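I opened this notebook to record what I looked up in one structure. My entries begin with the interior and then turn to the chain as a whole.

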Amino acid sequence: MDHLRRYRWIVLVLVFAITPPVSALAQQGGFSPEDIEAIDRAVVLVNTFRESGGRVSRGSGSGVVIDPNGLILTAEHVAARSTRLEVILRTGEVYPATVVGTDPVFDAALLRIQTARPLPAAALGTSSLMLPGDSVVAFGRAPRRQAGPTTGALLAFDVDARPGVPNLRTSAAAWPGDSGGALVN
């Protein structure tokens, strides 16, 4: 139970900023192709299925593997009201997913998949260290995404969107289906 509580706490305080593992980023002040590739491997597609009135509707979003044992962070609105979820890794492997917990206030959901091997994972960071103008890279797995990761800058912390819940506004392009993906600085 403490294990679940620890991850629920992470979801509650997360403001969707993710940092890569310790690397040359701190020294270079930028991203190397290897850093971008490492983070991109941790981003997944989340397919959703909702049954209602005998009909099944499909949707999708993105997620980020945050633990090599199969924990995936996504947006709560991606997983909400789904009767079935599946996660597709960048390799094309498909896994059924279960919801571990959700936080609709922070629009966060934690999913779990069972795999026989460790997965590439991204480490969670803290957005409170960011400043407007900082460079960011947005990652997603939208089915119709036209390009790889997109770059931009942090524009502002928008606390008016939902009182008490800071949201990050950036100039990085996002595609429909990128919800739940990673924003890295």
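**Entry 1: the cores**

In this predicted model, I looked up the largest nonpolar core, which has 30 residues; Val87, Leu111 and Ile113 touch the most other members. I noted that strand β7 (residues 108-112) gives this core its largest share, four residues. Apart from it I found another core of seven residues, including Ala138, Leu154, Leu168 and Leu183. I recall that nonpolar side chains tend to be buried together in soluble globular proteins.

**Entry 2: valine 87**

I listed the contacts of valine 87, leaving aside neighbours within four places in sequence. Among them are Val44, Leu45, Val46, Ile72, Leu111 and Ile113. Glu93, Val94, Tyr95 and Ala97 are also in contact with valine 87.

**Entry 3: glutamate 86**

I then turned to glutamate 86, which lies in strand β5 (residues 84-88). Is glutamate 86 buried or exposed? I recorded it as buried, because its relative accessible area is 16% and buried means under 20%. Beyond its neighbours within four places in sequence, glutamate 86 is in contact with Leu45, Val46, Asn47, Phe49, Val94, Tyr95, Pro96 and Ala97. Glutamate 86 and valine 46 are 40 residues apart along the chain, yet I read 5.8 Å between their C-alpha atoms.

**Entry 4: the whole chain**

I counted four helices and 12 strands in the protein chain. Of its 185 residues, 43% are buried. Among contacts between residues at least 6 apart in sequence, I found that 62% join residues at least 24 apart. The accessible surface of the chain is about 9,800 Å², and carbon and sulfur atoms account for 55% of it.

Terms used
Residues numbered from 1 in each chain as written. Predicted model: local features only at pLDDT ≥ 70, side-chain atom pairs only at ≥ 80, totals over all residues. Heavy atoms only, no water. Helix = DSSP H or I, 4+ residues; strand = E, 2+ residues; numbered from the N terminus. Buried < 20%, exposed > 50% of the residue type's maximum accessible area, 1.4 Å probe, protein only. Contact = heavy atoms within 4.5 Å. Areas by Shrake-Rupley, 256 points an atom, 1.4 Å probe, with all protein chains shown as cover. Core = buried A, V, L, I, M, F, W, Y, C linked by side-chain atoms within 4.5 Å.
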